[in-house]
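Please open the structure in your viewer and keep the selection panel at hand. The tour goes from one selection to the next and says at each stop what is there.

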Amino acid sequence: MLAVLKKDLILLISNKRELIFMLFYIPFLIFTVDSYDPKMLYFTIIVTFAYLTSLSSFYHDIDGKGKYILNSLPITARRIVLYKYASIFFHLVISIVYAGIYLWIINLAGITIVDYFNIEMIFKAIPIVMLIISIIFPAYILFEPRIAQIINMLVFLGFLIGMVNLGALGEKSFIKMIGIFQGNSLTYLAIIMYLLSLLLSMVLYQKKDL
Amino acid sequence: MKYILEVNQLKKEFKDFKLDSISFKLEPGYIMGFIGPNGAGKSTTIKLIMNLLKKDGGEIKVFGKDHIKHEKEIKDRIGFVYDQNYYYEDLTINQMRNIVASFYSKWDDKQFNHYMSQFNLNPKSKIRTLSKGMKMKFSLAIALSHHADLIIMDEPTSGLDPVFRREILDILYDIIQDENKSIFFSTHITTDLEKIADYITFINDGKIVFSQSKDKILESYAIVKGGPELLDDSTRKKFLGLRETKFGFEGLTDDLDLFKRNFGDRVLIERASLEDIMVYSVRG
Amino acid sequence: MRIIVSNSSNEPIYEQISKQIKGMILKGELKEGDLLPSIRGLAKELQISVITTKRAYDELEKEGFIQTVQGKGSYVAGQNKELMREKKLKIIEDKLIEVVRESKLLDLKYEEIEEMLKILFQEV
């Protein structure tokens with residue numbers, strides 16, 4: 001497990017495209033998600049950063065270049081999927097640390113006021129990331145990459161739009177109106193969806209032609 | 001264990017290609033060459049053995065065990081060498097080694113370092129910077145550093161110069177000194193196999209044409225050359241593959257005695273190379 | 001020990017090997033009890049298939065020239081002096097048959113060959 005995580009980290013750092021993304025993504029979000037509440041900005045950054053890096057490592061191993069090598073090593077398909085699902089928490093930690101440092105520097109430099117660490121938001125972020133991953137991971141296993149990418153785009157945009165909407169309308173926004181996103185029910189839903197998604201992914205991946 | 005690799009009635013169907021009930025077996029201690037033209041199904045077969053593609057029917061046994069039920073323990077003992085496009089280009093050799101080593105129960109760092117120096121590879125270099133040949137040597141080093149008993153190679157020498165290919169063959173000869181290990185080696189460069197292979201399995205268009213000891217194959221086939229006057233419809237049918245020109249004909253046969261009897265000294269009979277056999281069988 | 005194989009000869013490689021080893025035994029270059037190279041080692045040195053060397057050794061064993069001990073290797077077998085002489089005679093006979101054939105192709109008469117032999121017996 002540790003080896004797979006180490007590999008993800010190394011790949012993240014070694015790939016030029018990934019590095020550029022990491023560098024410019026946060027400023028990009030700062031501009032687009034003009035939020036009434038700096039907490040929301042932080043939330044958006046953490047969620048999308050964790051989900052995108054998780055997805056990138058997932059794709060690389062499951063369907064991308066790494067799939068033949070990884071699946072030829074002595075590891076079962078189920079375990080690969082399990083590690084991928086478990087590793088999103090690792091990616092969350094990286095997001096929190098990375099975003100924290102980046103935003104802290106921005107704060108220090110006085111460019112704009114941003115929240116660089118917010119426990120409340122972190123706890124809200126975790127179930128949201130889990131929910132997004134629950135949809136995206138099986139999609140990538142089941143569908144061919146192009147279709148999966150479309151689904152990914154839709155989910156990502158949907159989330160961003162939701163955040164922008166929330167930021168703009170605050171209490172009156174669409175999201176606040178759906179009670180389901182309040183409190184503990186969100187966490188339970190996330191856990192259930194996550195586990196179901198894990199099982200589904202395991203079954204699908206075992207049958208998949210690489 | 002009687003056979004180190006056993007493929008029985010293996011089936012796989014794609015939209016426009018079918019692997020049609022292929023079967024062959026390999027005993028420990030021998031090298032099997034897997035030949036066929038491009039698109040014949042060589043890579044597909046190897047991917048099915050490694051469970052990268054999921055079979056539609058049939059049975060595959062490695063080390064006497066079902067390749068799906070015992071997938072993890074089997075893969076622990078297999079060293080694989082694929083087309084080099086599948087590597088993690090952004091990593092260094094050391095980083096790649098660290099990742100791979102943690103998966104194998106019998107990883108041997110000493111062996112790996114020995115191969116690194118034998119192949120003149122710098123462990124700190126990024127995989128992306130390696131030439132084709134070096135990438136291949138690197139993957140061979142990995143495949144040979146965890147006490148694997150079966151080495152599976154998918155077109156490992158294509159794109160490499162003959163000097164290089166000869167070096168690889170030398171390494172393979174060393175491996176096979178251990179009579180418990182076997183090598184399964186797919187290629188369309190038949191000259192590599194002419195020397196080293198013990199067995200040859202020839203696949204064409206998703207079907208096995210033959211799977212036999214190389215010596216027997218080279219003994220059974222021959223190239224017959226003669227003048228155009230010797231050809232008529234009945235003789236033409238006796239060839240497996242035939243090429244006619246204004247000046248004569250050249251054909252492949254597996255029935256040498258027939259030609260010797262019927263034409264004796266009027267034809268020139270030569271040994272057929274694996275390449276001849278492949279080309280004539282495919283072209284007809 | 002000297003073994004040279006030709007890839008382009010029409011003679012199968014295993015036969016070339018067994019012939020050469022046979023020759024060495026008959027000439028006394030290989031003595032009773034001498035250990036032969038392992039089939040795998042020989043295959044590697046000659047860059048041929050293990051099956052080929054195995055076949056050569058199987059042939060030699062069948063004809064009584066060598067003995068294989070499981071786990072240890074192949075040894076030159078004790079040669080029955082009578083048998084060896086007979087085998088050597090057979091080799092000479094084969095060579096003479098070839099001489100006769102060639103002579104007939106050139107339309108040489110027996111007497112001319114006899115002359116040649118006489119001279120050679122004196123010179124060699």
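Which domains does the domain assignment of chain B give, and where do they begin and end? Select residues 5-212 of chain B for domain 1 and residues 221-283 for domain 2, the two that the assignment gives. Bear in mind throughout that this is a predicted model, for which the predictor gives the complex an ipTM of 0.87 and a pTM of 0.84.

**Between the domains of chain B**

With both domains of chain B coloured, you can see that their centres, taken over C-alpha atoms, are separated by 35 Å. The two parts do touch, with ten residues of domain 1 of chain B in contact with six residues of domain 2 of chain B. On the domain 1 side, select α7 (190-196) and β9 (199-204) of chain B, the elements that give two or more residues to the side touching domain 2. The largest share of that side, four residues, comes from α7(B). Sorted by class, the side of domain 1 of chain B that touches domain 2 has six nonpolar, three polar and one charged residues.

**The nonpolar cores**

Next, select I31(B), M32(B), A143(B), L150(B), I152(B) and F184(B), which touch the most other members among the 90 residues of the largest nonpolar core. Add helix α5 (residues 132-143) of chain B to the selection, since this helix gives the most to the core, with six residues. Now centre the view on L150(B): which residues is L150(B) in contact with, leaving aside its neighbours within four places in sequence? They are I4(B), L5(B), V62(B), R77(B), I78(B), S182(B) and F184(B). Apart from this core lies another, of 40 residues, and to find it you can select I46(A), I80(A), I133(A) and Y140(A), which are among its members.

**Where chains A and B touch**

Show chains A and B together, and look for the contact, which takes 20 residues from chain A and 21 residues from chain B. On chain A, select α1 (2-14) and α4 (67-72), the elements that give two or more residues to the side touching chain B. The largest share of this side of chain A, six residues, comes from α1(A). If you colour the residues by class, the side of chain A that touches chain B divides into nine nonpolar, six polar and five charged residues.

**Chain C**

Finally, hide the other chains and show chain C, which has five helices and two strands, following the pattern α-α-α-β-β-α-α along the sequence. The radius of gyration of chain C is 18 Å, well over the 14 Å that the globule rule gives for 124 residues, so chain C is more spread out than a compact globule. Its C-alpha atoms fill a box of roughly 55 × 35 × 25 Å along the principal axes, and buried residues make up 20% of the 124 residues.

Select residues 13-76 of chain C for domain 1 and residues 81-123 for domain 2, as the domain assignment gives them; the C-alpha centres of these two domains of chain C lie 29 Å apart. Of the contacts in chain C with a separation of 6 or more, 51% are between residues 24 or more positions apart.

As a last step, colour chain C by pLDDT, which averages 87, with 97% of the residues scoring at least 70. Among the elements of chain C, helix α3 (residues 50-62) has the highest mean pLDDT, 93, and helix α4 (residues 81-105) the lowest, 84.

How values were computed
Residues numbered from 1 in each chain as written. Chains lettered and ligands numbered in written order. Predicted model: local features only at pLDDT ≥ 70, side-chain atom pairs only at ≥ 80, totals over all residues. Core = buried A, V, L, I, M, F, W, Y, C linked by C-beta atoms within 7 Å. Buried ≥ 20, exposed ≤ 12 C-beta atoms within 10 Å, placed from the backbone. Contact = placed C-beta atoms within 7 Å. Nonpolar A, V, L, I, M, F, W, Y, C, P; charged D, E, K, R; others polar. Domains from an automatic or database assignment. Rg over C-alpha atoms; globule rule 2.2 N^0.38 Å. pLDDT = per-residue confidence, 0-100.
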